[in-house]
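Student: I have a model open and want to work through it with you. Can we go step by step?

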Amino acid sequence: MTLAILQATGADAVDAVIEAGRFSAARGWVPATSGNFSARGQAGRIAITASGVDKGALSSTDVLQIALDTPPPAGSSAETGLHLALYRRHPAIGAIVHVHSTHATVLSRRHGPAGEILLEGYELLKAFSGIRTHETRLAVPIFPNSQDIAALADEIDRRLDAGPQAPGYLLAGHGLYAWGATMRDALRHAEAFEFLFGCELAGAAA
Ligand SMILES: [Zn+2]
């Protein structure tokens, strides 16, 4: 499976979510049924993973199709509200990837008190849509982890409205949210974040 075959539009949204789960599980980003994936479909709906399922072995019955303008239904992940908030507020977002990857989790704890991590000078910054040079300074917000998803979504909205940001954020001690216009973009961004966070950790340890 390659990123190139992934699309996240219309009837393909469920397939994109299933493939994103496999892609992420193969990289060890979604241990112990963690993580969730979604893609924007048609008619104001999204496809999103159900709660508590192995993201590396998803079938179509593990993917819920829900409306953007109604509360998350039973069987959906507690974090569905974070996905919905992003889709409602940002029409250009077509897919969202949430992973509990090691580098993101460790770095989010280390930099949590600062509220962000700055990535700059890396060639791989060009993996992010719209970035053309390594001479870029990308701020990745870090939010305290919370079980109050509504309050967390409001805090994230305020921060993202404050100015241009990276296509993702960290929840401290929890993991990474990354997004893109398509699932292919969202996964490329997640992979770039995970690599760059690994570089930051390796540099700090040197
Ligand atoms: Zn999570």
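Tutor: Yes. Keep in mind that this is a predicted model. We begin with a hairpin: the one of E7 and E8 has three residues between the strands.

Student: Which residue in that hairpin takes a positive phi?

Tutor: E7 covers residues 168-171, and E8 covers residues 175-180. The two run antiparallel, joined by four bridges. The residue with a positive phi, near 70 degrees, is Gly173.

Student: What is the bridge partner of Phe143 in E7?

Tutor: E6, residues 137-143, pairs with E7 in the parallel sense over two bridges. Tyr169 and Leu171 point one way from E7, Gly168 and Leu170 the other way, and all are buried. Leu170 has Leu176 as its bridge partner in E8. For Phe143, the partner in E7 is Leu171.

Student: Is the site of the zinc ion tetrahedral or irregular?

Tutor: The protein donors are Glu79 (OE), His98 (NE2), His100 (NE2) and His174 (NE2), 2.0 to 2.5 Å from the ion. A tetrahedral site needs all angles between 85 and 135 degrees. Here the angles among the four donor atoms run from 95 to 149 degrees. The site is therefore irregular.

Student: How many residues apart are His98 and His174?

Tutor: Along the chain, the donors follow the spacing E-x18-H-x1-H-x73-H. His98 sits in strand E4, and His174 in the loop between E7 and E8. His98 is buried at 0% relative accessibility, and His174 is buried at 12%. The pair links distant parts of the chain, with a separation of 76 residues.

Student: Which side chain of opposite charge is nearest to Lys55?

Tutor: Lys55 lies in the loop between strand E2 and strand E3. Lys55 is buried yet has no salt bridge. A polar atom of its side chain lies 2.9 Å from the backbone oxygen of Val53. The nearest side chain of opposite charge, 7.3 Å away, is Asp54.

Student: Which residues are linked with Arg89 in a network of salt bridges?

Tutor: Asp157 and Arg89 meet in a salt bridge at 3.5 Å, N to O. Asp157 is in helix H4 and Arg89 in helix H2, so the pair ties together parts 68 residues apart in sequence. Asp157 is buried at 11% relative accessibility, whereas Arg89 is partly exposed at 41%. The residues linked with Arg89 in the network are Asp157 and Asp161.

Student: Which residue forms a salt bridge with Glu191?

Tutor: Glu191 is in helix H5, and its partner is in the loop between helix H1 and strand E1, 164 residues apart. The closest N and O atoms are 3.3 Å apart. Glu191 is partly exposed, at 31%. The partner is Arg27.

How values were computed:
Residues are numbered from 1 along each chain as its sequence is written. This is a predicted model: local features need pLDDT of at least 70, side-chain atom pairs count only at pLDDT 80 or more; totals for chains, interfaces and linings use all residues. Side-chain values use heavy atoms; hydrogens and water are left out. Buried means under 20% relative accessible area, exposed over 50%, partly exposed in between (1.4 Å probe, protein chains only). Two strands pair if DSSP finds at least two bridges between them. Donors are N, O and S atoms within 2.8 Å of the metal (3.2 Å for Na, K and Ca); water is not among the atoms, so sites may look incomplete. Four donors count as tetrahedral if all angles lie between 85 and 135 degrees; four count as square planar and six as octahedral if opposite donors are over 155 degrees apart and all others between 65 and 115; anything else is irregular. Lys and Arg count as positive and Asp and Glu as negative; His and the chain ends are not counted. A salt bridge is a side-chain nitrogen of Lys or Arg within 4 Å of a carboxyl oxygen of Asp or Glu. A polar contact is a pair of N or O atoms within 3.5 Å; within protein, one must be able to donate a hydrogen and the other to accept it, and residues adjacent in sequence count only if both atoms are side-chain atoms.
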